[in-house]
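Please open the model in your viewer and keep the selection panel at hand. The stops below are given in the order in which they can be selected.

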Amino acid sequence: MSENDPDARRIATEARDRVRFEEDALALADQVYRVARHLVGSREEAEDLMQEAYARAFRSWRSFQPGTNLRAWLLRILTNLNIDRGRRIQRGPDLQPLEAGDYYLVDRLEENGGPISEEERVDQRLSQDNIVSALSNVPHDFRDVIVLVDLGDFSYQDAAQILDIPIGTVMSRLHRGRRILKKQLAEEAVQ
Amino acid sequence: MIADCDKCEELLQPYLDRELTEGERQEAETHLAHCSYCARRYRFEAELRMFVRQATADEPMPPELKEKLANLRIAL
């Protein structure tokens with residue numbers, strides 16, 4: 001094949017585009033992992049899911065539209081795989097915990113440790129382990145939205161596209177999910 | 001006052017998400033300026049969000065996983 005051969009040029013262009021896609025996807029792996037780690041229950045599950053998602057992404061790279069949000073595209077693959085593999089069914093209680101109000105956690109902490117002063121920081125009442133454990137106990141539908149929006153910094157619109165749900169559902173799950181998280185946190189922190 | 005606090009609680013999350021209308025934002029801020037109970041709770045909620053983010057950011061991707069992902073690339 002010569003450089004002037006249209007097929008050769010097309011193949012070379014495609015190879016270049018593919019390598020660029022792969023490099024861009026790998027450069028985002030840390031950010032994707034950070035979200036994946038909290039969508040599932042363990043590091044091992046997150047690592048398996050990452051490998052499945054990246055294998056699929058590399059196979060179907062042509063379906064990614066350059067110029068759109070690659071991180072959201074990768075996470076859409078990852079969340080779909082997570083649903084397909086039924087991991088979600090294995091985790092979390094079947095019954096959704098009763099939600100408390102938005103002030104539930106702070107009220108419980110103050111009941112048990114006195115008023116929180118203006119100078120006091122949240123980490124004086126809650127630990128990192130409290131957070132990680134409480135988040136893992138939020139039912140998956142709610143946790144997915146919290147992880148994408150509050151940890152992954154995705155907009156409501158991006159989260160809706162990643163999870164393939166209406167934006168109103170993102171908002172309602174976020175609202176309820178945060179309340180459930182606070183109830184879980186109160187249970188973790190106040191014995 | 002209790003009714004105002006209930007309304008303030010309702011506005012809490014959209015306030016932190018910057019999703020309130022201008023009128024609602026003013027309503028929340030007027031209440032917060034005069035109610036130490038709600039002001040303390042708003043401060044707590046804002047800090048809690050940051051703490052959740054920090055607490056979950058501490059677990060970096062294992063280096064060997066990055067290598068495994070790179071090896072998944074299909075040979076040219």
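Begin with Asp164(A), which sits in the loop between α9 and α10 of chain A. The model is a predicted one, and in it the phi angle of Asp164(A) is near 55 degrees, a positive value in a residue that is not glycine. Colour Asp164(A) by accessibility and it falls in the exposed class, with a relative accessible area of 57%.

Next select Asp153(A), in the loop that runs between α8 and α9 (156–163) of chain A. Its phi is near 65 degrees, again positive in a residue other than glycine.

**Along helix α10 of chain A**

Move on to Lys182(A), a residue of helix α10 of chain A. Is Lys182(A) buried or exposed? Lys182(A) counts as buried, at 3% relative accessibility. Show its surroundings, leaving aside residues up to four places away in sequence, and you will find that Lys182(A) touches Asp102(A), Tyr104(A) and Leu105(A) in chain A together with Gln13(B), Glu45(B) and Leu48(B) in chain B. Now add Arg179(A) to the selection, since a network of salt bridges links Asp102(A), Arg179(A), Lys182(A) and Glu45(B).

**The contact between the two chains**

With residues of both chains on display, widen the view to the whole contact, to which chain A gives 49 residues and chain B gives 39 residues. About 4200 Å² is buried between chain A and chain B, and 60% of that area is on carbon and sulfur atoms. Which three residues should be picked out on the side of chain A? Select Leu26(A), Tyr103(A) and Val122(A), which together supply 17% of the area that chain A buries against chain B, more than any other three residues.

Polar contacts can be drawn next: 16 residue pairs, with both members at pLDDT 80 or more, are in polar contact across the interface of chain A and chain B. On the side of chain A that touches chain B, the elements giving two or more residues are α1 (6–27), α2 (29–39), α3 (43–59), α6 (104–113), α7 (128–136), α8 (140–151) and α10 (167–189) of chain A. Among these, α3(A) provides the largest share, eight residues. Colouring this side of chain A by residue class divides it into 25 nonpolar, five polar and 19 charged residues.

**Salt bridges, across and within chains**

How many salt bridges are there between chain A and chain B? The count between these chains is seven, while a search of the whole structure finds 20 over all chains. One pair that crosses between chains runs from Glu110(A), in helix α6 of chain A, to Arg40(B), in helix α3 (residues 36–55) of chain B. Measure from N to O in the viewer, and the side chains of Glu110(A) and Arg40(B) should come out 2.9 Å apart. Glu110(A) is buried, with a relative accessible area of 12%, whereas Arg40(B) counts as partly exposed at 22%.

Then go to helix α2 (residues 22–34) of chain B, where Glu22(B) and Arg25(B) lie three residues apart, about one turn of the helix. Their side chains meet in a salt bridge of 2.6 Å, N to O. Arg25(B) also forms a salt bridge with Glu29(B), the closest N and O atoms being 2.8 Å apart, and these two residues of α2 are four residues apart, again about one turn of the helix. Each residue of this group counts as partly exposed: Glu22(B) at 45% relative accessibility, Arg25(B) at 29% and Glu29(B) at 31%.

**A pair of cysteines in chain B**

Select Cys5(B) and Cys38(B) together. Why are Cys5(B) and Cys38(B) without a bond between their sulfur atoms? The closest cysteine sulfur to that of Cys5(B) belongs to Cys38(B) and is 3.8 Å away, which is too far for a bond, because a disulfide requires the two sulfur atoms to be within 2.5 Å. By this rule the count over all chains is zero disulfides. Both cysteines are buried, Cys5(B) with a relative accessible area of 11% and Cys38(B) with one of 0%.

**Last stop**

Finish at Asp24(A), in helix α1 of chain A, which counts as partly exposed at 40% relative accessibility. Add Arg71(A) and compare C-alpha positions: Asp24(A) and Arg71(A) are 47 residues apart in sequence and 9.4 Å apart in space.

How values were computed: Residues are numbered from 1 along each chain as its sequence is written. Chains are lettered from A and ligands numbered from 1 in the order in which they are written. This is a predicted model: local features need pLDDT of at least 70, side-chain atom pairs count only at pLDDT 80 or more; totals for chains, interfaces and linings use all residues. Side-chain values use heavy atoms; hydrogens and water are left out. Contact means heavy atoms within 4.5 Å. Buried area is the accessible area (1.4 Å probe) that two parts lose on being put together, summed over both. A salt bridge is a side-chain nitrogen of Lys or Arg within 4 Å of a carboxyl oxygen of Asp or Glu. A polar contact is a pair of N or O atoms within 3.5 Å; within protein, one must be able to donate a hydrogen and the other to accept it, and residues adjacent in sequence count only if both atoms are side-chain atoms. Ala, Val, Leu, Ile, Met, Phe, Trp, Tyr, Cys and Pro count as nonpolar, Asp, Glu, Lys and Arg as charged, and the others, Gly among them, as polar. Buried means under 20% relative accessible area, exposed over 50%, partly exposed in between (1.4 Å probe, protein chains only).
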